[in-house]
Amino acid sequence: MRYLTAGESHGPNLTAIIEGVPAGLTLSIEAINQELARRQGGYGRGGRMKIEKDQVTITSGIRHGKTLGSPITMTVTNKDWKNWQTVMSVTPVSEKEENLRRVAKPRPGHADLVGGMKYQHHDLRNVLERSSARETTMRVAIGALAKQILAALDIEIASHVAILGGIKANVPENLTVTEIKEKTTISEVNMVDLMIEEEVKALIDATKKAGDTLGGVVEVRVENVPAGLGSYVQWDKKLDGKLAQAMLSINAFKGVEFGIGFEAASLPGSQVMDEITWDESGYHRASNHLGGFEGGMTNGEQIIVRGVMKPIPTLYKPLMSVNIDTKEPYKASVERSDSTAVPAASVVAEHVIATTLVREILEHFPADNMQELKKAVANHRQMTKEF
Ligand code: EPS
């Protein structure tokens, strides 16, 4: 399965084309829209989310509610486009109109300056329109489709915010996907520790008032993943490596870890490795410090992967920058933004992980239709159980 996304933040549409989805999958568009709404939520979002109500339109690859095996085209319309028609016009406009909303003072930490240097854009809007996290809308739409394939294979996935602006949630080691779903649906910040909810919201309010922004850590957990996905035989076949790349491909993400992650550096091996056990249902681990991976392969335990998101670079109280016309020091430009998007980013992380897992599954079990895929996965599960 492969896919591409396209679209500018204030252009008419966001688009994705997905190829390689097996035929015969019953696809719920309603479920995709629910995930898009989750991405739009979270305490600390800015004005744009009040304008948009992201809904997907599918124009190919589905007939009578089922996938055909042909490329699937998904579109989300930007409602804000009507306010940007001249600024974002595809056809030429007057010289005066060209400079409407021109950006010349790059924001530190954003793609603005390097993107301008690299593509020789002297209006940095040409960079920020595509580098905007609005693109993650389509990654969620694709992931929402991927999650429906995972569900058909009884694989469950969920996400939550582990740290927001330095406030750490109390996360039980053996937290299940069901518990994450139950707790986060009633949390405005996608946290499983409801005790700290008010403290986190107060911090977001204070940060917004100060014209600043907050980052955090998001966690994704996946259950009932077949053992043996990915491989140790070649560097680019390691599935934890592919998931790490997917996580770091999310806007503003700077790091990734599995299981106990970076903590492993400070512990002796005896406290890091997970002891092996066996019962009638197959092999298990007595703990899950390694987050479901050994040798770049899934070991059948819960996948636990975390990503760190830096604070959003657009600051209402901007840092110093340089005007690219005069080279004089100036305060960076201010674009409408969010005080924090960590709760939304946890939803994005869940979806990019789902997509990457489905790509791996389809590489491991090539299938033209869902029946073939389900049979292949069931055979593999039986084979590893009987080992
Ligand atoms: C976003 C849409 C954007 C921003 C945000 C995320 O909309 P606008 O620029 O019109 O306000 O709210 O993007 C950024 C902060 C960024 O730096 O990219 C969205 O749909 O998630």
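Begin by selecting asparagine 288, which is placed in the loop between strand 12 (282–285) and strand 13; the model on the screen is a predicted one, and each stop of this tour should be read with that in mind. With a relative accessible area of 16%, asparagine 288 is buried, because the limit for that label is a value under 20%. If you display the surroundings of asparagine 288 and leave aside its neighbours within four places in sequence, you will find contacts with Gly259, Asp274, Glu301, Gln302 and Ile304. One of these partners deserves a distance label: a polar atom of the asparagine 288 side chain lies 2.8 Å from the backbone oxygen of glutamine 302. For a sense of scale, pick the C-alpha atoms of asparagine 288 and threonine 314, which are 26 residues apart in sequence and 38 Å apart in space.

Next, move along the chain to phenylalanine 293, whose place is in strand 13 (residues 293–294). Its relative accessibility is 6%, so phenylalanine 293 counts as buried. Not counting residues up to four places away in sequence, phenylalanine 293 touches Leu239, Asp240, Leu243, Phe258, Thr298, Asn299 and Ile303, and showing these side chains together gives a view of its surroundings. A further pair to mark is phenylalanine 293 with leucine 229, where 64 residues of sequence separation go with a C-alpha to C-alpha distance of 9.5 Å.

Now select leucine 315, in the loop between strand 15 (303–309) and strand 16 (320–322). Leucine 315 is buried as well, with a relative accessible area of 12%. Apart from residues up to four places away in sequence, leucine 315 touches Gly211, Asp212, Thr213 and Val334. A measuring line drawn between the C-alpha atoms of leucine 315 and aspartate 338, which are 23 residues apart along the chain, should read 9.0 Å.

The ligand is the next selection, and the place to look for it is the largest pocket. Which residues come nearest to the ligand? Of the 13 residues around it, these are His10, Arg39, Arg48, Ala133 and Arg336. Turning to individual atom pairs, a polar side-chain atom of histidine 10 lies 2.6 Å from an oxygen atom of the ligand, and for a polar side-chain atom of arginine 39 the distance to a ligand oxygen atom is 2.7 Å. Histidine 110 can be added to the same view, with a polar side-chain atom 2.9 Å from an oxygen atom of the ligand. On its own the ligand has 470 Å² of accessible area, and the protein covers 92% of that.

From the ligand, arginine 39 leads to aspartate 54, since arginine 39 is among the residues that aspartate 54 touches. Aspartate 54 lies in the loop between helix 2 (48–51) and strand 3 (56–60). Is aspartate 54 buried or exposed? Its relative accessible area is 2%, so aspartate 54 is buried. Besides Arg39, its contacts beyond four places in sequence include Asn33, Leu36, Gln40, Val76, Arg134 and Thr137. To see a side-chain pairing here, label aspartate 54 and arginine 134, whose side chains are joined by a polar contact of 2.7 Å.

Glutamine 148 offers a helical stop, as its place is in helix 6 (residues 136–152). At 14% relative accessibility, glutamine 148 counts as buried. With neighbours within four places in sequence left aside, glutamine 148 is in contact with Leu25, Thr26, Leu27, Ser28, Ala31 and Ile32.

Glycine 165 follows, in the loop between strand 7 (156–164) and strand 8 (167–168). Glycine 165 counts as partly exposed, at 28% relative accessibility. Its contacts, leaving aside neighbours within four places in sequence, are Leu203, Leu214, Gly215 and Gly216. The C-alpha atoms of glycine 165 and leucine 203 are 7.7 Å apart in space, with their positions 38 residues apart in sequence.

Finish with two loop residues whose backbone angles merit inspection. Histidine 64, in the loop between strand 4 (62–63) and strand 5 (66–67), has a positive phi of about 55° although it is not a glycine. At 71% relative accessibility, histidine 64 counts as exposed. Asparagine 224, in the loop between strand 9 (216–223) and helix 9 (239–248), likewise has a positive phi, near 65°, in a residue other than glycine. Asparagine 224 is partly exposed, with a relative accessible area of 41%.

Terms used
Residues are numbered from 1 along each chain as its sequence is written. This is a predicted model: local features need pLDDT of at least 70, side-chain atom pairs count only at pLDDT 80 or more; totals for chains, interfaces and linings use all residues. Side-chain values use heavy atoms; hydrogens and water are left out. Helices (H or I, at least four residues) and strands (E, at least two) are DSSP runs, numbered from the N terminus. Buried means under 20% relative accessible area, exposed over 50%, partly exposed in between (1.4 Å probe, protein chains only). Contact means heavy atoms within 4.5 Å. A residue is near a molecule or strand if one of its heavy atoms lies within 4 Å of it. A polar contact is a pair of N or O atoms within 3.5 Å; within protein, one must be able to donate a hydrogen and the other to accept it, and residues adjacent in sequence count only if both atoms are side-chain atoms. Accessible areas come from the Shrake-Rupley method with a 1.4 Å probe; for residues, only the protein chains shown count as cover. On a 1 Å grid over the protein atoms alone, a cavity is a set of points where a 1.4 Å probe fits but cannot get out, and a pocket is an open set with protein on both sides within 12 Å along at least five of seven lines; lining residues have an atom within 4 Å of a point. A molecule sits in a cavity or pocket if more than half of its atoms lie within 2 Å of its grid points.
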